[in-house]
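Here is a short round of questions and answers. Keep the sequence and the 3D view open as you read.

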Amino acid sequence: MNRPFPEPDADAAPDANLRAAEVRRAAGAEALAADAVARIVEVIGRGERFLVTSHCRPDGDAVGSMLAVGMLLEQLGKHADLVTADRVPLVYRGLPHASSIRAAMRVHGPYDAAILLECDGLERARLKGLEDLFLINIDHHLSGRDFGHINWIDHQAASVGEMVNRLRKAAGGALTREMAVCLYTTLLTDTGGFCYGSTNASTFALAHELALAGADPVRIAQDIYFSTTAAKILLLGAALSTLKREGRLAWLWITHQDMVRTCATEEDCEGIVNYAVCITGVEAAVFLRELPERRVRLSLRSKGRINVAAIAERLGGGGHENAAGCTVEGPLTRALDEILAELRPVVGDFAASPR
Ligand code: 5GP
Ligand code: MN
């Protein structure tokens, strides 16, 4: 009999069995994904009105994916409302149709389904009224949960935008220039400028497809990375003056007072953690931001195989293997002790394990 996937072979080398298990796992995941995509296309085909949303404090993947799904639905003759709990960050407001995303705390309306993009839990959308809707969950976070009626979670996808492009193809949508710009933005930002572990040959294949469709890589990169406010640079100065290093770990922070003094906004904190993780020999880094009401936001980054999503999840947050976050109790010194206590053993274990 012809078996579709390799079975374990008692006589085979352990490596061969590991590879066979990996092939079976990948084939199983692909079958599940294909089924989810087909069901999503079917729900879209049957419906007329859709809500499209993402996580609060939307990032490039959230905004770009939402806009692309909005354009796809419009192409298919559907009505789409694009809503997030927080406003689109300034840096993404130049994206095509970015002004069609509305900020709200609650959604209502006769929707055939809500499409949640890049949301690793229903509560991350921070939108009241979602729980009453038919939920389509499209995500790529390690901390992703099956909270929807249809769940398509692909940990291998470099951005949710990559998944949206697959959905577009399955739904028979055209890749317009405007859509390509939005999808390229998701790819660029979620791979940290093609640097994070999720970047591989297929990432560049998609970037190629999007550039051919009219996304201008230089223009998009400059709009995102060379459009910094002066407040952000002042804030960065404050953060860098706190930088500490302990072997493979590095950390830096800003106080609420720093935010007030530099007139910085929450968006200006984006990327500061990278100045700690980019140090040679540093394997994991954390950026701490003091919030009002004695809470502290943590941004975690790592290189290689250190899984910061697992640490963030233990502290009530989530994210990806190399980029994650959470909010913990303050004050700042307590939060720092807490996260260092989590990170030190992990970084130590990592150092001891063969690479
Ligand atoms: P950042 O450090 O840029 O705020 O977040 C990095 C990654 O971690 C993003 O993918 C983001 O969605 C995720 N993340 C950050 N904060 C939280 C949180 O509080 N909860 C969850 N579930 N994910 C988070
Ligand atoms: Mn993402």
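Q: Which residues are closest to ligand 1, and how many surround ligand 1?
A: The shell has 14 residues, and the closest are S299, G317, G318, G319 and G325. A residue counts as near if its C-beta atom, placed from the backbone, lies within 6 Å of the molecule. This is a predicted model: local features need pLDDT of at least 70, side-chain atom pairs count only at pLDDT 80 or more, and totals for chains, interfaces and linings use all residues. Residues are numbered from 1 along each chain as its sequence is written, while chains are lettered from A and ligands numbered from 1 in the order in which they are written.

Q: Which element gives the most to the shell around ligand 1?
A: β12 does, with five residues. Strands are DSSP runs of E, at least two residues long, and helices are runs of H or I, at least four, numbered from the N terminus.

Q: What makes K232 in helix α7 a buried residue?
A: A residue is buried if 20 or more other C-beta atoms lie within 10 Å of its own, exposed if 12 or fewer, and partly exposed in between; C-beta atoms are placed from the backbone. K232, L235, L236 and A239 are buried in α7.

Q: How do you know that these buried residues are on the same side of α7?
A: Look at the arc, taken from the directions from the helix axis to the C-beta atoms. The arc is only 105 degrees, so they lie on the same side of α7. The face turned away carries the exposed residues A230, I233 and G237.
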